[in-house]
Amino acid sequence: MSLALVLPGRGGEGLAKRLKALDEQLDIQLWPDCPAPQTVAFAVTWQPPAGALAQFPNLKVVQSLGAGVDGLAAELPSGVTLCRTISPNLKTDMRDYVLLAILAEQRQWRATANDQTNQHWQQRHYRRGGCVGVMGLGELGGYVAGQLAGLGFSVKGWSRSPRQLPGIDCFSGEAALGEFLAGLDYLVCLLPLTPQTQGLMNSAFFARLNSAPYLIHVGRGAQLDEQALLAALDGGQLRGACLDVFIQEPLPRQHPFWRHPTITVTPHNASITSGNDLARVVYQNYLAMRQGTALNHVVNSTLGY
């Protein structure tokens, strides 16, 4: 029973080496050089080339390289189980990024850096605490929301289906979105990309804001209408934004986000799974498949996450 790495341009050789360090008996095939595709039951991939997974007739499980699975739906063969990659470091890294974005905005760190460049001494007033709204209360969003609540922030959470999390005022469904958005100081998007969340943050969405929050977008680029964001910033519906994901990546050099005075751009590095963490997650699920035990972080095929 083989394991295939379908990772064009992503260093499959490195992951293969780490997996072999965990179990030297593993039979690993590196796409596109798969001499025995009929033996492959488990594949690791991210946005696979068209038809790449169809060459494995006995495929049982596909492990996404990351927490997102939006690039896999069209290529997933029927009857194959899809799993996400979630590690403890992935969650703590995301928490740190969101907290950094909040604190940097509170302390006006960007303006202070400009003051240093200009050799200008100025003490700036700063915010404390505030109400943070987290959209998406799954593995990452729920963890981030709970951590922020533990640090003393007032936290509201919104998800597609009802959730109950300690210390968080939870809302769910379209009918509750307006109430969730009211009175926020910070708005964090950690939603998965689904047909329901694509383009969610548009002009109508921003029009529902009543407190000019600071947006921290770490979900998926396609969830944000980029022109609507620019209009919301210029119109005062938002006071700024920290963006880590974009419709087109890398972000084109001529894109207006680069030069906007209230937008901070980061290169999709809010939370990156390390090679060792990835190898452990893959190996654990590969063993679970072989032993017939429960897989970790299985994606609901109906919900898409």
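Colleague: Quick one on helix 2 and helix 4: is the crossing right-handed or left-handed?

Modeller: Helix 2 passes helix 4 in a right-handed crossing. Bear in mind that this is a predicted model.

Colleague: Noted. How do the axes of helix 2 and helix 4 sit?

Modeller: Helix 2 covers residues 88-106 and helix 4 covers residues 139-150. Their axes come within 9 Å and cross at roughly 55°. An angle of 65 to 115 degrees would count as roughly perpendicular, and under 35 as roughly parallel. The two helices are therefore oblique to each other.

Colleague: Which residues make the contact?

Modeller: From helix 2, Leu90, Lys91, Thr92, Met94, Arg95, Val98, Leu99 and Ile102. Helix 4 brings Glu139, Leu140, Tyr143, Val144, Gln147 and Leu148.

Colleague: And how many of the residues in that contact are nonpolar, polar or charged?

Modeller: Nine are nonpolar, two polar and three charged.

Colleague: Switching to sheets. What is the strand order in the five-stranded one?

Modeller: The order is 2-1-3-4-5. The sheet is open, and its pairing is parallel.

Colleague: Which strands stand at the edges there?

Modeller: Strand 2 (28-30) and strand 5 (81-83). Each has a single partner strand, so one side of each is left without a neighbour in the sheet.

Colleague: By how much are neighbouring strands turned against each other?

Modeller: By 20° on average, with direction ignored.

Colleague: How many bridges join strand 1 to strand 3?

Modeller: Five. Strand 1 is residues 2-6, strand 3 is residues 40-45, and they run parallel. In strand 3, Thr45 is the bridge partner of Val6.

Colleague: What does helix 1 touch on that sheet?

Modeller: Helix 1, residues 12-22, packs on the sheet and touches strand 1, strand 2 and strand 3. The direction of helix 1 makes about 175° with that of strand 2.

Colleague: And which strands does helix 8 touch?

Modeller: Strand 1, strand 3, strand 4 (61-64) and strand 5. Helix 8 is residues 275-291 and also packs on the sheet. Its direction makes about 160° with that of strand 3.

Colleague: Now the sheet of seven strands. What order does it have?

Modeller: It runs 8-7-6-9-10-11-12, open, with parallel pairing. Strand 8 (169-172) and strand 12 (263-265) stand at the edges. Each of these has a single partner strand, so one side lacks a neighbour in the sheet. On average, neighbouring strands are turned by 15° against each other, direction ignored.

Colleague: What about strand 9 and strand 10 — how many bridges?

Modeller: Four, in the parallel sense. Strand 9 is residues 186-189 and strand 10 is residues 214-217. Tyr186 has Tyr214 as its bridge partner in strand 10.

Colleague: Where does His260 lie?

Modeller: In the loop between strand 11 (240-243) and strand 12.

Colleague: Buried or exposed?

Modeller: His260 has a relative accessible area of 13%. The cut-off for buried is under 20%, so His260 is buried.

Colleague: What does His260 touch?

Modeller: Arg110, Leu230, Leu233 and Asp234. That leaves out residues up to four places away in sequence.

Colleague: Last one, Gln55. Where is it found?

Modeller: In the loop between strand 3 and strand 4. At 31% relative accessibility, Gln55 counts as partly exposed.

Colleague: Which residues is Gln55 in contact with?

Modeller: Trp31, Cys34 and Pro37, leaving aside neighbours within four places in sequence.

Colleague: And what separates the C-alpha atoms of Gln55 and Trp258?

Modeller: A distance of 42 Å, with the two residues 203 apart along the chain.

Terms used: Residues are numbered from 1 along each chain as its sequence is written. This is a predicted model: local features need pLDDT of at least 70, side-chain atom pairs count only at pLDDT 80 or more; totals for chains, interfaces and linings use all residues. Side-chain values use heavy atoms; hydrogens and water are left out. Two strands pair if DSSP finds at least two bridges between them. Axes are lines fitted to C-alpha atoms, for helices over the stretch in contact, and angles run from 0 to 180 degrees between N-to-C directions. Contact means heavy atoms within 4.5 Å. Buried means under 20% relative accessible area, exposed over 50%, partly exposed in between (1.4 Å probe, protein chains only). Angles under 35 degrees count as roughly parallel, over 145 as roughly antiparallel, 65 to 115 as roughly perpendicular and the rest as oblique. A crossing is left-handed if the near helix is turned anticlockwise from the far one by less than a right angle, and right-handed if clockwise. Ala, Val, Leu, Ile, Met, Phe, Trp, Tyr, Cys and Pro count as nonpolar, Asp, Glu, Lys and Arg as charged, and the others, Gly among them, as polar.
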